[in-house]
Amino acid sequence: MQLNPSEISELIKSRIENFDSSVEARTEGTVVSLNDGILRIHGLADAMQGEMIELPGDTYAMALNLERDSVGAVVLGSYGHLSEGDTAKCTGRILEVPIGAGLLGRVVDALGNPIDGKGPIDSNETAPIEKIAPGVIERKSVDQPVQTGLKSIDAMVPVGRGQRELIIGDRQTGKTAVAIDAIINQTNTGVKCVYVAVGQKASTVANIVRKLEEHGAMEHTIIVAATAAESAAMQYIAPYSGCTMGEYFRDRGQDALIVFDDLTKQAWAYRQVSLLLRRPPGREAYPGDVFYLHSRLLERASRVSAAYVEEFTKGEVKGQTGSLTALPIIETQDGDVSAFVPTNVISITDGQIFLESDLFNAGIRPAINAGLSVSRVGGAAQTNIIKKLGGGVRLALAQFRELAAFAQFASDLDEATRSQLSRGERVTELMKQAQYSPMSIAEMAFSLFMANEGYMDDVPVNKVVDFEAAMVAHIKSNNAGLMAKIDETGEFNDEIEAGMRAALDDFKAKGVF
Amino acid sequence: MADYTTVARPYARAVYQQAIETSTLDNWGEALALMSAVTSDEAMIALLDNPQMGSEQKAELMLKVVGDKLNAQQQNLVKLMAENGRLKALPEVAEQFEIFRADAEGKIDAEVVSAFPLSSEQEESITTTLKAKLGREVTINTSIDESLIGGVIIKAGDTIIDGSMKSQLESLALTLGR
């Protein structure tokens, strides 16, 4: 028989000594019915909305429907051992999860219990999963960038700290890949990440954990997983749990990034719970409050002022703003963005990154549609040099797509159109980027500068990717100082421009590609 | 039982108000207790569930059993509830009637379960503490359950105060098992 590390006599002794044996008056009720994980409990006259209800066998339920003579609740976890007539007790607490830096590097379920086999979570603080978002006074506008490391996103649809940028697209268009690359690129930036997996295969989650570990990104990341095998209730609360864990960092003057992968499945889980609770179905059988389901969640992603942080930490952290950036993911069916949940989330968020399967299949990865992707607040937060160099890329690409469609029919084109087409083809190629290889600001700046200044015009289209890789390698070995300077300041001025020009001329002259 | 709570409430309130107006609280209480005893009988439940019997037949049947002990209004209640197909809610009506009555009189019954017989001082102290806590006149009924090992469990309405050794050991086991 194996002994757990927590079974050392000293530990047991201290836990017995510290055991809270106080007796409280609690309200009790009886389980009247139990079907599909939905409990109807008679009694519990003073239950609160969202309160945890204790059931036999260390199981908890969450009260969702408070009616005159009964309470409707969903069981969190398995319910095979419960039966009609069991007693249910109020706990007087809203559902809470552990929070703190001790969660970083861990994989937890929707209730914050570790599921990675690395022992108990080193955290003694908890916070309710449902919290009201910071108010108007407590907020600060978004003016610092989150570098995703993907040049197509950082140049065309920049994301700021505290922004909510939706990643939307059909299945198999690389939505998760974009989010994971963004997490990997936060290594050494001090931005803490939370990845919430809802309704995904456990194997997919395991894969993501392994990839993050390989790239050294797990140390700053918390993974909250409610896999497809878990109950609908767990899938429904997982994003809120993850958000509470992310808010810990925001409220203490740090920056955090949270990925909800994906909210479509959370809406499905909520629809299931709502229908089983016999709430009236509305459009697409979603309940009436499915908009609020997502709006209250995404509203918690925000940038808060230094005054808020100072007040929250009672003066311990001064002069630092906090932020929680959200990258919610929505899966569309056959590119239909006008379905109920996609339109809701598009209207809630501050912009969207639209991924298309046609582009993906054509080998343009990340498969970002430049015309439909927008960032409503990120421009103010974009790094200076990327903003100056990448400003025209989005427009040029969108125009190129349109022009390319027309050009198929035209036999002879004028010079200007031809050069626009050839530039467009090369920029499209340049926007391709391999997975798990985020770029630094300087690398992006050189790529964009190279495209703007026509250094690639004589490079065959199918060689653009190789040309760029050779350029980055060349500049890295010959102009490391300039790159470091760009990375550090993010500024673009005449001096830097001259330096870049000289470096690229040198690269072209040597012709090492 | 719980299914009828909502159904029974308006009947119980109507009966209670009628009883107050005619100051026949005790009489109604007895009548309801009698009716609920009858409708809780298994043979009676089977008859009440019989779909081949009409509501009038069911009312007649009820009145045949208990009619001679009921006054005119009470007989009317039986007829009315039979007509609405709610005779089976009678035990719940009786229970809620008693709750209305206890509420109005500021009384509550508390059940005290202990592992050992309580001394009269202990009972006295539980009564006074409960009275302060619940703000009502408390009547306690004691019973003994040796499986508690020690301590007491107090049940008053929905509120449970569980100070038994058994439940504390159980929660300690849960804490250590985590």
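In this predicted model, Gly29(A) stands opposite Ala88(A), a residue of strand 6 of chain A. That pair belongs to the meeting of strand 1 of chain A with strand 6 (residues 87-94) of chain A, which pair in the antiparallel sense over 3 bridges. Strand 1 of chain A also has strand 2 (residues 38-43) of chain A as a partner, and here 6 bridges join the two strands, which again run antiparallel. Within this second pairing, Leu34(A) is found opposite Leu39(A) of strand 2 of chain A. Strand 1 and strand 2 of chain A make a hairpin with 2 residues between the strands, and in that hairpin Asp36(A) takes a positive phi near 50°.

Strand 1 of chain A, which covers residues 25-35, is also joined to the other chain, since 3 bridges link it to strand 4 of chain B in an antiparallel arrangement. One place at which to look for this link is Thr27(A), whose bridge partner in strand 4 of chain B is Thr159(B).

From this strand pairing one can turn to the contact of the two chains as a whole, in which 14 residues of chain B are in contact with 20 residues of chain A. On the chain B side, the elements that give two or more residues are helix 1 (5-21), strand 4 (159-162) and helix 8 (165-177). Helix 8 of chain B gives the most to this side, with 5 residues. Sorted by class, the side of chain B that touches chain A has 6 nonpolar, 6 polar and 2 charged residues.

Chain B also offers a helix pair to examine, made of helix 4 (residues 55-66) and helix 5 (residues 72-83), which pack at an angle of about 150° with their axes 8 Å apart. An angle over 145 degrees counts as roughly antiparallel, and helix 4 and helix 5 of chain B are therefore roughly antiparallel to each other. Their crossing is right-handed. Where the two helices of chain B meet, Ser55(B), Lys58(B), Ala59(B), Met62(B) and Leu63(B) come from helix 4, while Gln75(B), Val78(B), Lys79(B), Ala82(B) and Glu83(B) come from helix 5. By class, this contact has 5 nonpolar, 2 polar and 3 charged residues.

Back in chain A, strand 3 (residues 51-55) and strand 4 (residues 59-66) pair in the antiparallel sense over 4 bridges, and Met52(A) has Met62(A) in strand 4 of chain A as its bridge partner. The hairpin of these two strands has 3 residues between them, and Gly57(A) there takes a positive phi near 75°. Strand 4 of chain A is joined in turn to strand 5 (residues 70-76) of chain A by 6 bridges, and these strands run antiparallel. Asn65(A) has Gly72(A) in strand 5 of chain A as its bridge partner, and strand 4 and strand 5 of chain A form a hairpin with 3 residues between them.

Several loops of chain A call for a closer look at the backbone. Most residues other than glycine have a negative phi, and most peptide bonds are trans. Asn188(A), although it is not a glycine, has a positive phi of about 70°; its place is in the loop between helix 3 (175-184) and strand 13 (192-198) of chain A. Asn188(A) is exposed, because it has 9 other C-beta atoms within 10 Å and 12 or fewer is the limit for that class. Glu284(A) likewise is not a glycine and has a positive phi of about 50°, in the loop between helix 6 and helix 7 (290-298) of chain A. With 11 C-beta neighbours inside 10 Å, Glu284(A) counts as exposed.

Turning to peptide bonds, a cis bond joins Asp261(A) and Asp262(A), with omega about -5°, and Asp262(A) is found in the loop between strand 15 (255-261) and helix 6 (263-276) of chain A. The peptide bond from Arg365(A) to Pro366(A) is also cis, with omega near -5°, and Pro366(A) lies in the loop between helix 10 (357-361) and strand 19 (374-375) of chain A.

A last stop is Met439(A), in the loop between helix 13 (415-430) and helix 14 (441-452) of chain A. Met439(A) is buried, with 21 other C-beta atoms within 10 Å. Met439(A) and Leu150(A) are 289 residues apart in sequence, yet 6.5 Å apart in space, C-alpha to C-alpha. Leaving aside its neighbours within four places in sequence, Met439(A) is in contact with Gly149(A), Lys151(A) and Met444(A).

Note on methods. Residues are numbered from 1 along each chain as its sequence is written. Chains are lettered from A and ligands numbered from 1 in the order in which they are written. This is a predicted model: local features need pLDDT of at least 70, side-chain atom pairs count only at pLDDT 80 or more; totals for chains, interfaces and linings use all residues. Two residues are in contact if their C-beta atoms, placed from the backbone, lie within 7 Å. Ala, Val, Leu, Ile, Met, Phe, Trp, Tyr, Cys and Pro count as nonpolar, Asp, Glu, Lys and Arg as charged, and the others, Gly among them, as polar. Two strands pair if DSSP finds at least two bridges between them. Axes are lines fitted to C-alpha atoms, for helices over the stretch in contact, and angles run from 0 to 180 degrees between N-to-C directions. Angles under 35 degrees count as roughly parallel, over 145 as roughly antiparallel, 65 to 115 as roughly perpendicular and the rest as oblique. A crossing is left-handed if the near helix is turned anticlockwise from the far one by less than a right angle, and right-handed if clockwise. A residue is buried if 20 or more other C-beta atoms lie within 10 Å of its own, exposed if 12 or fewer, and partly exposed in between; C-beta atoms are placed from the backbone.
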